[in-house]
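The exercises below are meant to be worked through with the sequence and the coordinates side by side. Each one sets a task and then gives a solution in steps.

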Amino acid sequence: MTDSLDQALASNTPTPKAPIDPVEAIMAFDPKKHIAFEEPSGILMMKDIGFADNVGVSPVAVTQPFQLFSLEAITIMRSEIANPEVRARYQYASNIANAQLRGYAREYAPFTYAAWNHPETIAIVSKLAGIDLIPWSDYEIAHVNLSAVKTDEQAKAELTSFQARNSSIHSDEGIDVSSTDDDKPIVGWHTDSYPFVCVLMMSDCTNMVGGETALRTATGEVIRVRGPTEGCAVILQGRYITHQALRALGAKERITAVTSWRPRSPFVKDDSVLRTVRPVSDLTELYSDFAEYRLEIMEQRMRRARAELRARREAGLAFDTPGHKLFLQESAAFLTHTDHELVEEENVQRGFIETIDLPDVPVDQGAHQD
Ligand SMILES: [Fe+2]
């Protein structure tokens, strides 16, 4: 037995392999082929829009759209969400969005899952965001907003009617262009649940009008940033900046994939909440992801505090009473925050996302912030 094993190891003859599964082969994420990164034309900083240094987890507010993935990558990602089982098991609707796919990536979209977790993708997002980030959790990988598919005629009619009116703009968080009722309120000014968001466009935007992101500066002024086109993305520190995505018109469909991010370091603040996602989630999955990483952060912070405490003692220094009390108070607040976000299942109203009543500010049709 050993002899034949040795012979096999010594031999250069390749061991016969199982035939390559063509689906597997197509689905393999290859950064050389599938990342098509080009630097954004600009990045708007928090201070550019009037925020103090201590607001947020990074000095970066929002990027201009940048090419992230190749069109082949987008095609494969689209094929993964076209799977009827994904639509059947992971589709959610709410008062603010007719159709979203959430939490499917780990189980059903190996390519998409690998794309967002690839170290090169993470490095690009982190560099642009100005802080080391990681995807918020598996559950928030490539949350998809789906619009209804329109005919050419419908898309054109929408555009013509928009051009005729060219007046009020309604917000939709890039979610819903299926409604022809422009007066229906969808998502107004809001902040996101998670520190950073990366929105990837998965539709052809050739005839699309609108789709910008409007931001509120610290002084309440409104600025607009261009929306991404196919294969392109924007990164926004959405937890800290009040924003809305403006309605996009004239496209036959609009599909965006939104991946949320949080700081990699357990020593950076984590202000994540679950308010906007709880009603459209598998709570076992969402709560497990959230509770586990919050515990992991606490674990790391406690280990470090304990090591510092022991080091002080070994160095013969006095016990740092104010320092340790501050650590305990911050830890208690951190744990209370986790507790507060884990609303009992019976108290979560499925499909209803409470909106914050932020005073409206009209968005004019002026030039983009470029
Ligand atoms: Fe948002």
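**Exercise 1.** In this predicted model, find which helices each supply at least two residues of the lining of the second largest pocket, and describe that lining.

*Solution.* Step one is to identify the helices, and these are helix 10 (283-314) and helix 11 (321-341), each of which supplies at least two residues of the lining of the second largest pocket. Step two is to ask which helix gives the most, and helix 11 does so, with nine residues. Step three turns to the space itself, since the second largest pocket has a volume of about 550 Å³, and of the 24 residues that line this pocket, the closest to its centre are Arg-301, Leu-326, Phe-327, Glu-330 and Ser-331. Step four sorts the lining by character, which gives ten nonpolar, four polar and ten charged residues. Step five considers the domains: domain 1 (23-273) and domain 2 (289-347) each contribute at least three residues to the lining of this pocket.

**Exercise 2.** Characterise the lining of the largest cavity, and work out how the buried residues of helix 7 are arranged around its axis.

*Solution.* Step one is the volume, as about 30 Å³ of space lies in the largest cavity. Step two is the lining, formed by Met-77, Ile-81, Tyr-104, Thr-112, Trp-116, Ala-142, Val-144, Met-202 and Ala-257, of which eight are nonpolar, one is polar and none is charged. Step three assigns elements: helix 4 (71-81) and helix 7 (110-117) each supply at least two of these lining residues. Step four takes up helix 7, where Phe-111, Thr-112, Ala-115 and Trp-116 are buried. Viewed down the axis of helix 7, these buried residues fall within an arc of 120°, so they line one face of the helix.

**Exercise 3.** Examine the salt bridges that Lys-33 and Arg-106 form, and say which parts of the chain they connect.

*Solution.* Step one is the total, as the structure holds eleven salt bridges. Step two takes Lys-33 and Glu-72, whose closest N and O atoms are 3.9 Å apart; Lys-33 lies in helix 3 (residues 31-34) and Glu-72 in helix 4, so the pair ties together parts that are 39 residues apart in sequence. Step three takes Arg-106 and Asp-138, whose side chains meet in a salt bridge (2.9 Å, N to O), and this pair links helix 6 (residues 105-108) with the loop between strand 6 (133-135) and strand 7 (143-146), 32 residues apart. Step four extends the picture, because salt bridges that share partners join Arg-106, Asp-138 and Glu-285 into one network.

Conventions:
Residues numbered from 1 in each chain as written. Predicted model: local features only at pLDDT ≥ 70, side-chain atom pairs only at ≥ 80, totals over all residues. Heavy atoms only, no water. 1 Å grid on protein atoms, 1.4 Å probe; cavity = no way out; pocket = protein on both sides within 12 Å on 5 of 7 lines; lining within 4 Å. Points joined across faces, edges and corners; volume = space filled by probe spheres on them. Helix = DSSP H or I, 4+ residues; strand = E, 2+ residues; numbered from the N terminus. Nonpolar A, V, L, I, M, F, W, Y, C, P; charged D, E, K, R; others polar. Buried < 20%, exposed > 50% of the residue type's maximum accessible area, 1.4 Å probe, protein only. Arc of directions from axis to C-beta. Domains from an automatic or database assignment. Salt bridge = Lys/Arg side-chain N within 4 Å of Asp/Glu carboxyl O.
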